[in-house]
Amino acid sequence: MKLHKLVALALLFLMPAYTFAQTDTTTIRKWYAPDGLTVQFAGNIGMFAAGANYSFSKDKINAELLYGYVPSFDAEESLHLLTLKGIYKPFKKVELGNDFKLTPLRTNLALTYHFRSQFSTSWDNAYPENYYWWISSLRLTGGLGSEISHPLPKNGLFKDITLYGEVGTYDLILTSALKDKTLTGWDIISFSVGLKAGF
């Protein structure tokens, strides 16, 4: 990925957080300023992913915009991804004591775009019409998980911290599993862990 694209992505995530950090706590936060920052490991959106978290309906609904990165390892180049992720928490938080709270279920659905020349949003004329049903640059992912949150001291930038874990999959591997019976559940699912710091 070219440097100017990386800089643009970094600004996309850092500007809302910077704007919030510069405001006084007595002022109303700008509409585009996030309610938190999320860092995630694995989960079909990059080996590492980070970005802004927005909270709605008393934190029952979250939206995240995440930049993901996969090192090149043995591949020719590393991967850069951009994910829009929606999270729904249908059940109330459970008090665990010592100010810890458990969210027993969080479900998510996400759309991920891959920034790489080998991925495309359309197929060229070399393939017959409808030969491929998917777009190679976009993946639809989903998952289930739970989270534990804990408040932080009030004099800091962040008001609470949340640790979460998820089990997920994505569209292409699911459809492949329907045709290829040799694929097992371990081939289809993935695990991820993440940390969210709320403002």
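In this predicted model, strand 8 and strand 9 run antiparallel and are joined by nine bridges. One of the pairings places Gly-165 opposite its bridge partner in strand 9, Val-193. Strand 9 is also joined to strand 1 (residues 36-41), again in an antiparallel arrangement, through six bridges, and here Thr-38 has Lys-196 of strand 9 as its bridge partner.

The two pairings of strand 9 are set out below.

| Strand pair | Direction | Bridges | A bridge pair |
|---|---|---|---|
| Strand 8 and strand 9 | antiparallel | nine | Gly-165 and Val-193 |
| Strand 1 and strand 9 | antiparallel | six | Thr-38 and Lys-196 |

Strands 8 and 9 also take part in enclosing internal space. The model has one cavity of 30 Å³ or more, and the largest cavity holds about 90 Å³ of space. Its lining comprises 16 residues, of which Gly-43, Asn-108, Gly-142, Glu-166 and Gly-168 are the closest to the cavity centre. Two or more lining residues come from each of strand 6 (100-115), strand 7 (138-151), strand 8 (160-170) and strand 9 (190-198), with strand 8 giving the most, four residues. Sorted by class, the lining of the largest cavity consists of eleven polar, three nonpolar and two charged residues.

A separate site concerns His-80, which lies in strand 4 (residues 79-88). Because its relative accessibility is 6%, and buried means under 20%, His-80 counts as buried. The side chain of this buried residue makes a polar contact with the side chain of Tyr-67, at 2.6 Å.

Conventions. Residues are numbered from 1 along each chain as its sequence is written. This is a predicted model: local features need pLDDT of at least 70, side-chain atom pairs count only at pLDDT 80 or more; totals for chains, interfaces and linings use all residues. Side-chain values use heavy atoms; hydrogens and water are left out. Buried means under 20% relative accessible area, exposed over 50%, partly exposed in between (1.4 Å probe, protein chains only). A polar contact is a pair of N or O atoms within 3.5 Å; within protein, one must be able to donate a hydrogen and the other to accept it, and residues adjacent in sequence count only if both atoms are side-chain atoms. On a 1 Å grid over the protein atoms alone, a cavity is a set of points where a 1.4 Å probe fits but cannot get out, and a pocket is an open set with protein on both sides within 12 Å along at least five of seven lines; lining residues have an atom within 4 Å of a point. Grid points are joined across faces, edges and corners, and a volume is the space filled by probe spheres set on the points. Ala, Val, Leu, Ile, Met, Phe, Trp, Tyr, Cys and Pro count as nonpolar, Asp, Glu, Lys and Arg as charged, and the others, Gly among them, as polar. Two strands pair if DSSP finds at least two bridges between them.
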